[in-house]
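Please open the model in your viewer and keep the sequence panel beside it, since each stop on this tour begins with a selection.

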Amino acid sequence: MAMAGTPLGKALSLLEALENERGSASLGEVARTTGVTKPTAHRMLALLEERGYVRRLPNREYALGPRLITLGDYARGRNTLVTVAGPVLDRLVRQCGETVHLGVVSGRSLLLVDRREPADEAVRLAVLPSSLTSLHASAAGKVLLAFGPDTLLEQVIENGLSRYTAHTITSSDELRAELRQVCAQGYALNEQERNEGIRAVAVPVLTADGRCAAALSAAGPIRRLTADGLDRARTLLARGAAEIAAADIR
């Protein structure tokens, strides 16, 4: 892409390099990830820090800054998908009694753009998933891969299927087979593939033209989210997804 080598393209690449599961990166990591030289990366990060888009941590790593929160809140309030899904998520968390998420594709990752947790703190997830996580190791991510373009799957596989637990799918053949099953059954499961002791179920939000605009998921501990619970959650999620898809989302 012609824009990639421009100052704007480089600045965006630097910000995207900080959009990782750890939430921060060293100067060397940022330079290596983006292909920008260290001196250039240092100058651009300093400018972004001055404007509030980047912040420097005590360990000298860089992280996304508070200015992006303001922009994100502004964008969220004007995103019809998030606006329409909000009341549906409110209802689903009460019906399912588990944490529910709305996820979309961001680059080669799953971005959780909205989340609702049960009112009872005793039944909330002990460890909430990162807002940005791997597509292959989550129920919502598998849905987005299964119903998304083939090019996305190839990019994810080419980037490497990281292992998080003993249950994570790290074989491309196994992942392809799993995604074929997801397409056939219309939903995806996550059996402790990202976090030990946590399982999840997800369904696609399919627009009238067949595009997968997002994924709705519910997650909970395996001791509580039994097979019956998964089946009930799946039914509720499917109804919610249909309601969202019926609106004018974009």
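Begin by selecting Gly103 together with Ala215, its bridge partner in E8; the model you are looking at is a predicted one. Extend the selection to residues 99-106, which form strand E3, and you will find that E3 pairs with E8 in the antiparallel sense over 5 bridges. Along this pairing, Val100 can be picked out as well, standing opposite Ala218 in E8.

Next, select the whole of E8, residues 212-221, and ask how many of its residues are buried. The answer is 10 of 10, so that the strand can be described as mostly covered.

From E8, move to strand E7, residues 198-206, which runs antiparallel to E8 and is joined to it by 9 bridges. A convenient pair to display here is Arg199 with its bridge partner in E8, Gly220. Follow the backbone through the hairpin of E7 and E8, where 5 residues lie between the strands, and stop at Gly210, which takes a positive phi near 90°.

Now widen the view to the sheet to which these strands belong, an open sheet of 6 strands with antiparallel pairing, in the order E5-E4-E3-E8-E7-E6. At its edges are strand E5 (132-134) and strand E6 (188-191), each of which pairs on one side only. If you look across the sheet, the twist from one strand to the next averages 30°. As background to this view, strands of a sheet pair through backbone hydrogen bonds, in either a parallel or an antiparallel sense.

Leave the sheet and select helix H2 (residues 27-34) and helix H3 (residues 38-50), whose axes come within 9 Å and cross at roughly 110°. Because angles of 65 to 115 degrees count as roughly perpendicular, H2 and H3 are therefore roughly perpendicular to each other. The crossing of H2 and H3 is right-handed. To see what makes the contact, show the side chains of Leu27, Gly28, Val30 and Ala31 on H2, and of Lys38, Ala41, His42 and Leu45 on H3. Colored by class, this contact of H2 with H3 contains 5 nonpolar, 2 polar and 1 charged residues.

The next selection is Thr165, in the loop between helix H7 (150-159) and H8. Is Thr165 buried or exposed? Its relative accessible area is 7%, and because buried means under 20%, Thr165 is buried. Leaving aside residues up to four places away in sequence, Thr165 touches Gln192, Glu193, Arg194, Asn195 and Glu196, a set worth displaying together with it.

Continue to Arg176, which is found in helix H8 (residues 172-185). With a relative accessible area of 28%, Arg176 is partly exposed. With residues up to four places away in sequence not counted, Arg176 touches Leu153, Glu154 and Ile157. For a distance to display, take the C-alpha atoms of Arg176 and Leu145, which are separated by 9.5 Å although the two residues lie 31 apart along the chain.

Finally, clear the selection and view the chain as a whole, with its 9 helices and 8 strands. Of the 250 residues in the chain, buried residues make up 44%. Among contacts between residues at least 6 apart in sequence, 56% join residues at least 24 apart.

Note on methods: Residues are numbered from 1 along each chain as its sequence is written. This is a predicted model: local features need pLDDT of at least 70, side-chain atom pairs count only at pLDDT 80 or more; totals for chains, interfaces and linings use all residues. Side-chain values use heavy atoms; hydrogens and water are left out. Buried means under 20% relative accessible area, exposed over 50%, partly exposed in between (1.4 Å probe, protein chains only). Helices (H or I, at least four residues) and strands (E, at least two) are DSSP runs, numbered from the N terminus. Two strands pair if DSSP finds at least two bridges between them. Axes are lines fitted to C-alpha atoms, for helices over the stretch in contact, and angles run from 0 to 180 degrees between N-to-C directions. Angles under 35 degrees count as roughly parallel, over 145 as roughly antiparallel, 65 to 115 as roughly perpendicular and the rest as oblique. A crossing is left-handed if the near helix is turned anticlockwise from the far one by less than a right angle, and right-handed if clockwise. Contact means heavy atoms within 4.5 Å. Ala, Val, Leu, Ile, Met, Phe, Trp, Tyr, Cys and Pro count as nonpolar, Asp, Glu, Lys and Arg as charged, and the others, Gly among them, as polar.
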